[in-house]
Amino acid sequence: MADEDHEERRFTAIYDECRQRVWAYAVSRAGRQAADEVVSETFAIAWRRLADVPDPALPWLLGVARNVLRDGHRAEVRRESFAAELGRWTARPAGDIAEDVAERLAVIRAMAALPDGDREILILVAWQGLTPRDAARVVGCSPAALRVRLHRARRRLARAAEGTEAPGGRPAAETGQAGAGQLRTGQAVTRRQVATINEEMS
Amino acid sequence: MNDDVLRTLREARPAELDPDVPVDARVRQMELARAMAAGPGPDGARTRKAGRRRVRPVWGIGLSAAVAAGVLAAVIVVPSGDDGAGTPRAGHGAGQLLDAKTVLLTAAEKADGRTDTMRAYWHTVTISSHTHTVGQGDGRYSVTVRERHETWTPGDPGGKVYGREQYLGAKPATAADEAAWRRAGSPGTFELRIPISPGSKITKPYRAKLAPASQQPPKVSVSPLVDGDKVFWLGRNVTMRQLRSLPSDPKRLKAELIRWYEGHDTESDRPMGAAEWLYRVASGMVMSMPVPPEVRAAGFRMLAGLPGVRSAGRVTDPQGRAGDAIAVDDTTPGGVIRDQMIIDLASGTALARGNVMVKAVAGSDVPTGRTMSSEVVLTAEWTDSAPR
């Protein structure tokens, strides 16, 4: 009984610490329709495998959420949902907007045009605040590989942001399609890396 | 340059993705319950007695059993309405009010006189409603979204819970809301914004269709009992056997229930006094749980003895049935919310309960006087007929 209480307390503490982060990750990867489901499934897995959950739990949980998303949600559906999110995030506020707001909108739009793998790393580092080491754990590559990929993603983001800073930006549908063509390469690279790294880690 | 763009990206994170935004208390409870109910538990716990895990089923307020299918519907729980439990009826002056103690003791007498025989399933039919504000500025109006829930809870352990959920659609909450809705062009769907936590400015979108145009088929669900034998949440998960053997003496019943009080809200970790907690738990019990008549009577008597329980007057429930309301007021960050239960003194049964905003804080989206949500019991009885 005492052990069961301890497990419940530990699980609840992990949930309280990480739930919003897992949700935010899922929303920024696949939109909110999928997010609630992903959160639910991720924590159900965490409860079943509580003994395997490391401390800190967040990178592990995000890795699980990532697998749940990949297994349960087809890439094109994810992309459409994300495009819808993006449309909401970048809907222009009425009236004049400050320059820094315009800049932020531009960078979000720019992010949408990047390959999926780039976008994922940027989200983990900039929005989730993960260190390169923890981000590497989530996507299943070495920290060194992660740093290289982050560097490239950042460069592509900067370039894209300059390109979209013109008034109006790109319509969401177009950015969604642009991402679509590049996604496959991004994923293929990721899978190969996952296979290598999994060997390294086990 | 690269660092700049990363910093801009960091600053551009949408506010709703901020990890410090609190999780809605109900969502938290449901997700925790669902996670812990979904599997056999941590690997290490499998060898221990599964039945002793204290898993909270999806609802704290006691109406439904631990039905996973209820989760989705429950996510849209939040806010408010004017159709609800607790519209004061015209023509009933203060002179006719019964005090809360009289109402509850009368209900107890009636409940005591009833008989019941356990059958295969405890069958409940309830209608829940939540009212939301739609639109902007002067064009704002309120719509009430309703759902019908039907549940068959097995009398014996190891059985299955059957559920049937019927979405009943949304409609303008009051005549004034209907006028505003017509001015807005009588839209057939409503884009609702549902706060992700109570009082939060951050919302999730939810699209509701106008009633009765939305003739969606009911969603049917079948699920095993939590832990194989837990049927309801009564301060903790309880089995049918535990429900049936609760004390019929109000003092002993109170002592039994208070054992599970841990100083906080039934729905969250927010501190909550013992009396209010007991009110929440016991009102759920008397309203729709399959306890024997003498236990239901003890529940009413126990409520009569709680401090803070007051009369809320003669009211009609959302189905138009008249009853006498008792209530407890809860001071929340959004204002004072009254948790009231409407009792039919003729039968000694609770007809409905609802949350009414009785004193909104300045700037609240929920006006004072609005019934934010309600739950009406249409049926709560034993039956032998299995669901189709």
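## A helix pair in chain B

Let's start with two helices of chain B: helix α8 (residues 274-288) and helix α9 (residues 293-304) have axes that come within 9 Å of each other and cross at roughly 150°. This comes from a predicted model, so please read the geometry in that light. Angles over 145 degrees count as roughly antiparallel, and α8(B) and α9(B) are therefore roughly antiparallel to each other. As for handedness, the crossing in which α8(B) passes α9(B) is left-handed.

Which residues make the contact between the two helices? From α8(B) come B:Y279, B:A282, B:S283, B:M285 and B:V286. On the other side, α9(B) contributes B:R296, B:G299, B:F300, B:M302 and B:L303.

## Three strands further along

Later in chain B, strand β11 (residues 322-332) pairs with strand β12 (residues 335-344) in the antiparallel sense, over 9 bridges. Together β11(B) and β12(B) form a hairpin, with 2 residues between them. If you would like a landmark for the register, look at B:D329, which stands opposite B:R338 in β12(B).

Strand β12(B) also has a partner in strand β13 (residues 349-360) of chain B: the two run antiparallel and are joined by 10 bridges. Here B:D339 has B:N355 in β13(B) as its bridge partner. How many residues lie between the strands in the hairpin of β12(B) and β13(B)? There are 4, and in this hairpin B:G348 takes a positive phi near 70°.

## Chain A: helices throughout

Turning to chain A, you will find 9 helices and 0 strands. Read from the N terminus on, its elements run α-α-α-α-α-α-α-α-α.

Of the 202 residues in chain A, 50% are buried. The contacts of chain A also reach across the sequence: among those between residues at least 6 apart, 73% join residues at least 24 apart.

## Confidence in chain A

How does the predictor rate chain A? The mean pLDDT of this chain is 73, and 71% of its residues reach 70 or more. Over residues 164-202 of chain A, however, the pLDDT is below 50. That stretch still has 47 contacts in the model beyond near neighbours in sequence.

Conventions. Residues numbered from 1 in each chain as written. Chains lettered and ligands numbered in written order. Predicted model: local features only at pLDDT ≥ 70, side-chain atom pairs only at ≥ 80, totals over all residues. pLDDT = per-residue confidence, 0-100. Contact = placed C-beta atoms within 7 Å. Buried ≥ 20, exposed ≤ 12 C-beta atoms within 10 Å, placed from the backbone. Pairing = 2+ DSSP bridges. Axes fitted to C-alpha atoms, helices over the stretch in contact; angles between N-to-C directions. Parallel < 35°, antiparallel > 145°, perpendicular 65-115°, else oblique. Left-handed = near helix turned anticlockwise from the far one by under 90°.
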